[in-house]
Amino acid sequence: MDAEYEIRRVEASDLIQVASIASAELREEYDSKLFSHFYEGFRGGFLVADDGERLRGFILGVPMDNATLRILMLAVRGEFSRMGIGTSLLEACKQYARLRGMRSIVLEVREGNSPAAQFYTSSGFLGVGVLEGFYNDGGQALVMKHHL
Ligand SMILES: CC(C)(COP(=O)(O)OP(=O)(O)OC[C@H]1O[C@@H](n2cnc3c(N)ncnc32)[C@H](O)[C@@H]1OP(=O)(O)O)[C@@H](O)C(=O)NCCC(=O)NCCS
């Protein structure tokens, strides 16, 4: 695994890069104000992988209730894929949830995004349901859950 990056909490100056990674790697369109909103409200589970020159990826996890962290976004720049960065970001988010006494992590994956579904399966998530019309374009989501 490439260890030449650190996982740390997001800072205000990261938000432009975070938005650009989201726009390049995720299929949904996000309003750039959304990232400031989460930065203001839920910084604890908003983490970045920083190699000192730029961000390689980020994860955004927000509390759904006292016992559950919901991952809203996870993205790694394509050129850094399969280097363990997604796993490191997810593990740091799991650690954050455990420290807060949470019991599980949930997330949604777009139907057909089998690389992401395989990534989460390899990280211990199980499919627990389907949400019809979850995405803006009407796409279906697979709900996945991991007990901590
Ligand atoms: C999904 C994503 C976050 C994975 O990040 P990553 O840093 O490449 O993942 P890792 O290197 O930690 O992969 C860990 C394991 O997950 C599985 N995995 C990761 N990417 C995979 C792929 N494209 N196809 C199949 N399995 C994959 C493998 O088992 C991998 O271990 P291996 O490389 O030793 O075989 C990244 O590909 C990404 O940003 N995708 C685009 C955005 C996205 O779909 N996000 C999730 C939406 S909810």
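1. Contacts across the sequence. Among contacts between residues at least 6 apart in sequence, 62% join residues at least 24 apart. The model under discussion is predicted, and the points below should be read with that in mind.

2. Overall fold and dimensions. The protein contains four helices and seven strands, which follow one another along the sequence in the pattern β-α-α-β-β-β-α-β-α-β-β. The radius of gyration is 14 Å, in agreement with the value near 15 Å that a compact globule of 148 residues would have. The C-alpha trace spans about 40 × 35 × 30 Å along its principal axes.

3. Surface and burial. Of the 148 residues, 43% are buried. The accessible surface amounts to about 8100 Å², and carbon and sulfur atoms account for 48% of that area.

4. Charge. There are 16 positive and 20 negative side chains, and the centres of these two sets lie 6 Å apart. A search of the whole structure finds 10 salt bridges; three of the pairs are taken up in the next points, namely Asp50 with Arg8, Asp51 with Arg56 and Arg27 with Asp137.

5. The pair Asp50 and Arg8. In this salt bridge the closest N and O atoms are 3.1 Å apart. The pair links distant parts of the chain, with aspartate 50 in strand 2 (residues 46-50) and arginine 8 in strand 1 (residues 6-9), 42 residues apart. Aspartate 50 has a relative accessibility of 16% and therefore counts as buried; arginine 8, with a relative accessible area of 14%, is buried as well. Both residues also belong to a network of salt bridges that links Arg8, Glu11, Asp14 and Asp50.

6. The pair Asp51 and Arg56. Here the closest N and O atoms of the salt bridge are 2.9 Å apart. Aspartate 51 is partly exposed, at 22% relative accessible area, whereas arginine 56 is buried, at 8%.

7. The pair Arg27 and Asp137. The closest N and O atoms of this salt bridge are 3.4 Å apart. Arginine 27 lies in the loop between helix 1 (15-25) and helix 2 (32-41), and aspartate 137 in the loop between strand 6 (126-131) and strand 7 (141-147), so the salt bridge ties together parts that are 110 residues apart in sequence. Arginine 27 is exposed, with a relative accessible area of 64%.

8. Glycine 133. This residue is located in the loop between strand 6 and strand 7. Its relative accessible area of 46% makes glycine 133 partly exposed. Leaving aside residues up to four places away in sequence, glycine 133 touches Gly138, Gly139 and Gln140.

9. Tyrosine 120. Tyrosine 120 is part of helix 4 (residues 114-122) and is buried, with a relative accessible area of 7%. When residues up to four places away in sequence are not counted, tyrosine 120 touches Leu74, Leu90, Leu107, Val109, Phe125 and Met144. From tyrosine 120 to phenylalanine 35 the C-alpha to C-alpha distance is 23 Å, and the two residues are 85 apart in sequence.

Key
Residues are numbered from 1 along each chain as its sequence is written. This is a predicted model: local features need pLDDT of at least 70, side-chain atom pairs count only at pLDDT 80 or more; totals for chains, interfaces and linings use all residues. Side-chain values use heavy atoms; hydrogens and water are left out. A salt bridge is a side-chain nitrogen of Lys or Arg within 4 Å of a carboxyl oxygen of Asp or Glu. Helices (H or I, at least four residues) and strands (E, at least two) are DSSP runs, numbered from the N terminus. Buried means under 20% relative accessible area, exposed over 50%, partly exposed in between (1.4 Å probe, protein chains only). The radius of gyration is taken over C-alpha atoms; the globule rule is 2.2 Å times the number of residues to the power 0.38. Contact means heavy atoms within 4.5 Å. Accessible areas come from the Shrake-Rupley method with a 1.4 Å probe; for residues, only the protein chains shown count as cover. Lys and Arg count as positive and Asp and Glu as negative; His and the chain ends are not counted. The place of a charge is taken as NZ of Lys, CZ of Arg, CG of Asp or CD of Glu.
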